[in-house]
Amino acid sequence: MYPDARNSPSKGKAKQADAQNWHSHWWDFHPLADNLQRPVAWSNASTIFTAHPSQPLILGRSFSSSKQFLIVSPDQILNNPAAYEPPNVITVSSNDHWLFAYFPGRDCDGVGCLWQRGYTIDKWNIRDYWACERGAGIVNAVFVSAEREWVTCPDGSTTRLAQCGPLTPVSNPTLLTVTQAHQLNVYFLRTYASGVKSLTCPLVQACYTAENMSQVAHDPPRGPKTSRLCSAASFGFIFHDRARLAESVFMVAMRSRRYPLSDTLRAASDNSHDLGLSLDNQLDERPPLLDWNSYQEEQMIELCEVKLRFDGLCMSVLTAPLSPIYHPAPCLTNFMFVSVPGSKPDTSTSPKASPMKDKQPQRGQLELPMTYLVASFLDFEEYASLPKSRIVAYSIVRVIPPNSKIPWAARLVGDRSLSPRILTVVAPGSLSVAMRKATVVVAMTNPGGALARGAAKPKEIPVGNLFALQLPDLSDDPDCDHPSILAPVNRTSSDCPLSIFTSPNKLLACAVSMLQTSVHILPRARITSGSKDTLHQLPLAQALTVALQSRRSTADISHILSLPSTPATMLHDTLFGTLTSYEVNARLGTANSFSMVDVMGAAVEIYRARARWTQNEDEKERYLMLSRNALNVCSVSACSAAFENCKESEGYDLEPVWQLISLSTWVVAFLEDLMKECVFLADLADPTPNTSLNFNEVMPKQEPMDDNPFLRNWLTSPSQQVTNQSPHSVSLDTPILLHLVHPLFLSNLRAVVFHVSSFHQYLTSMTAKRENSQFARDTMLDLVNSSGLDLKVLEDILSSAIPEASAAPVEEIMASFAEGHPVPAQYEQLKKTIRSLTTSSAIDRPRLFIKSSDLVDGFANLSVSDHPVGDDPGMDVVTKGRLLTQKPGLLCLRCGGRSQIGSEVMVAGHSSPRWKIWERMWAARCICGGSWVNGNI
């Protein structure tokens with residue numbers, strides 16, 4: 001009996017089912033075997049540098065903004081761009097001051113270029129460039145840094161790790177490069193010299209080179225028919241351990257390929273029609289026939305120990321090759337070093353005598369730093385199926401023989417097969433100093449998957465995952481998640497990443513493929529809810545603390561906190577945990593390299609990022625309010641510092657009088673908004689309030705409204721409402737009220753009120769001798785008199801409120817800081833302060849709410865600004881003056897404010913040295929701590 005044709009699958013249905021799935025092929029991953037390079041670097045200022053796909057140019061992008069720019073290439077490249085390829089090496093220094101790239105030549109010598117950064121992160125000037133001969137092109141480069149990395153401890157305190165890498169005290173920068181000729185080049189610029197100097201030393205033979213020695217050219221080793229060229233290299237900086245090694249060393253790992261010699265190729269071509277008749281005297285000189293098996297990758301990794309010394313006068317390099325590491329896998333795709341610092345000895349249990357003297361090697365071994373070499377391989381076999389992935393880990397350990405020489409031994413400690421998934425790229429992961437646990441992040445692609453079905457098809461689908469592997473056994477980290485790797489639907493399997501670089505705080509990673517550049521979330525420890533005593537142990541809180549201590553960008557942290565998948569409570573927990581670490585450091589006497597105002601500056605970026613990604617309009621407005629108030633906190637602190645700088649024994653420096661008046665204008669406008677908020681809350685602060693009203697909300701009495709439409713529009717205009725609040729609903733958790741309850745912000749507010757009041761009195765007491773002085777004096781008098789505020793009385797009330805605010809529990813103070821507004825535990829104190837302000841002579845309500853300028857020409861021609869204080873796009877975010885059009889300016893990537901400091905913009909009057917010193921404080925960073933980029937006003 002034949003089957004029913006209606007129930008049998010047809011070819012059309014089989015094709016339809018196959019179209020609903022995607023599959024990878026071996027040729028999708030062959031670019032990894034071809035060693036195609038698309039370099040990427042992510043600086044500590046959160047700038048991503050990538051190579052142009054086809055031109056010898058470097059592209060820069062400020063994450064997480066849309067600001068993109070080009071790095072100017074040397075004239076030698078610009079004059080003949082077709083002779084050079086895109087850069088294959090890009091590296092940036094840890095302090096974000098130096099950038100290096102190497103441009104390979106097409107049938108010509110390559111060019112290495114060194115750039116130095118200006119005040120803005122998108123301004124890079126060429127410092128020097130040099131040629132690299134063919135066969136000696138640069139395959140990897142790194143800057144030597146003397147900075148010790150900050151880490152957090154379990155108790156919330158922060159500490160610095162040991163020195164990692166060599167010290168170069170009199171050179172800035174110091175650049176290390178590895179060339180195809182297996183040579184190490186050291187380029188350095190002395191602080192007292194103008195030109196770049198260099199040292200060269202081979203890595204495949206022992207060598208010593210110093211500045212005062214003549215440079216000798218070392219020919220690369222050659223076989224009978226082939227030339228070995230280094231195709232990839234990796235630097236491994238080892239944490240310094242003075243107990244076992246008197247000087248710091250670092251490792252260089254190299255991978256080589258064999259190529260036919262140029263003369264062999266030429267001889268094989270010339271003798272292609274040889275009849276076999278040869279002269280006796282030419283028999284020995286003719287090279288052997290060409291063997292195409294010469295094009296192969298060596299199945300070993302060469303290691304070399306390098307010591308970079310400075311004796312106080314000259315710099316020297318000492319290289320010592322080590323035994324290579326052999327492996328059977330034919331195709332090496334990634335290899336890198338991972339260093340783990342040694343644990344500090346426990347002073348409570350350590351003996352009084354020396355461990356070496358008491359013969360306690362076990363305890364000494366536990367404290368030694370560890371270094372691992374991680375390598376990944378692909379095996380394509382017969383090129384008939386997907387390649388098989390494998391990853392291995394070697395521990396690089398010191399072996400101390402009796403002759404006091406310190407050789408190294410590589411021991412296999414981890415070996416793992418990842419099939420059927422395919423490993424593409426590897427990056428260093430997080431480091432837990434307390435547990436001495438190091439991880440590596442690997443990107444693994446699935447062999448295939450299902451496409452989305454239905455009408456609403458997504459633009460991207462998951463094609464793999466990012467995993468965190470623990471060292472040394474390379475097992476999955478059970479504490480971390482596995483974020484997905486998304487790819488466009490039309491390129492699910494044809495665009496594997498070729499290189500990857502992690503963000504400054506190791507929360508994100510930038511992956512570069514042949515067709516695109518994408519940013520991925522790295523595996524993170526699964527967040528578990530805990531008490532306030534353990535919030536400082538949250539990964540994001542630790543990352544923010546270390547970023548502030550290290551003066552690194554917090555853009556990647558803000559990006560994580562802005563995602564819709566991140567709960568809103570995580571913002572509070574992250575800020576609270578950072579404040580806890582700050583308090584622990586202060587209690588232990590550890591110097592904090594950041595202040596609480598710096599934390600509030602980071603909050604500006606977090607709130608703005610959250611508002612940008614929030615779809616709910618009410619939540620968006622709430623986060624914008626928090627962001628504006630956080631920026632106001634930074635502005636109050638900056639204004640107070642400016643007045644303090646310009647203060648003299650008997651008054652203030654009057655050369656920058658108009659600049660100080662600009663600051664005073666902003667301060668008075670901010671005080672007006674704050675006092676208006678207090679007036680609206682006066683009924684709520686009454687000791688005998690109406691019990692029918694809500695505890696946290698007051699409804700002002702409705703007054704009869706004039707029939708004049710212009711008056712109606714004026715009374716309901718945003719400028720006549722409380723800042724960021726509805727005129728019919730005000731509450732005690734308004735962000736601007738944080739200035740009245742937080743002891744630090746209240747102290748800063750009192751200080752700036754004192755300076756503005758003193759500056760006003762100083763100008764009033766002076767007799768104007770010139771027209772400019774008369775204008776300045778009258779402007780300041782009009783500013784204060786029309787404000788409706790008695791600054792002296794206001795200062796006294798704020799001073800009396802500081803002791804009570806400082807006496808509040810530390811937990812309440814940190815909670816209000818983390819929330820960005822007063823918390824219920826501070827409401828009674830806030831009511832008392834509001835009552836003191838509204839019942840005193842500090843506020844003249846008619847003048848506070850009705851300005852003389854509002855009555856000029858009636859209400860028909862009334863023009864009010866919709867921008868609250870601190871959100872005026874025409875105001876300089878630093879000097880609070882008006883921005884001049886058609887002049888160069890700066891744009892802050894964190895708060896979005898603009899400034900013209902550092903330019904040739906001159907306000908009326910003269911800039912004194914005192915004012916210039918204060919301006920230079922913000923030349924590199926905004927008052928909120930954000931980085932500057934060039935932006936036309």
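What follows is a walk through a predicted model of one protein chain, from its overall make-up to a few local features.

The chain has 937 residues, and 50% of them count as buried. Its secondary structure comes to 19 helices and 38 strands. Among contacts in the chain with a separation of 6 or more, 67% are between residues 24 or more positions apart.

One place to begin is strand 21, which covers residues 315-321 and runs antiparallel to strand 16, residues 207-210. The two are joined by 4 bridges. Within this pairing, Cys207 stands opposite Thr319 of strand 21. Strand 21 also pairs with strand 20, residues 300-310; these two run antiparallel as well, and 7 bridges join them. Here Glu305 is the residue that stands opposite Ala320 of strand 21. Strand 20 and strand 21 form a hairpin with 4 residues between the strands. In that hairpin, Gly312 takes a positive phi near 100°.

Helix 11 offers a view of a helical element. This helix spans residues 657-680, a run of 24 residues. From its first C-alpha to its last it reaches 35 Å, close to the 34 Å expected at 1.5 Å a residue. Helix 11 is mostly covered, with 22 of its 24 residues buried. Trp666 has Lys880 over the face of its ring, at 4.8 Å from the ring centre. A second case of this kind is found at Tyr623, where Arg622 lies over the face at 5.1 Å from the ring centre.

Aromatic rings also pair with one another, and the count of such pairs comes to 19. In one of them, the ring centres of Phe643 and Tyr652 are 6.1 Å apart and the planes stand at 85°; an angle over 60 degrees counts as edge-to-face, so this pair is given that label. Both Phe643 and Tyr652 are buried. The rings of Trp915 and Trp918 have their centres 4.8 Å apart, and their planes are at 40°, so this pair is tilted. Both residues belong to helix 19, residues 913-920, and because they are 3 residues apart there, about one helical turn separates them. Trp915 has a relative accessible area of 1%, so it is buried. Trp918, at 0% relative accessibility, likewise counts as buried. Elsewhere, ring pairs link Trp26, Trp27, Phe380 and Tyr383 into a cluster.

The last stop is Asp28, which lies in the loop between strand 1, residues 21-23, and helix 2, residues 30-33. Is this residue buried or exposed? Its relative accessible area is 8%, under the 20% cut-off, so Asp28 is buried. A polar atom of the Asp28 side chain lies 2.9 Å from the backbone nitrogen of His25. Which residues does Asp28 contact when its neighbours within four places in sequence are left aside? They are Ser493, Ser494 and Cys496.

Key:
Residues numbered from 1 in each chain as written. Predicted model: local features only at pLDDT ≥ 70, side-chain atom pairs only at ≥ 80, totals over all residues. Heavy atoms only, no water. Pairing = 2+ DSSP bridges. Phe/Tyr/Trp six-rings, centres within 6.5 Å; stacked < 30°, edge-to-face > 60°. Buried < 20%, exposed > 50% of the residue type's maximum accessible area, 1.4 Å probe, protein only. Lys NZ or Arg CZ within 6 Å of the ring centre and 35° of its normal. Polar contact = N/O pair within 3.5 Å; in protein donor to acceptor, adjacent residues only side chain to side chain. Contact = heavy atoms within 4.5 Å. Expected span 1.5 Å × (residues − 1).
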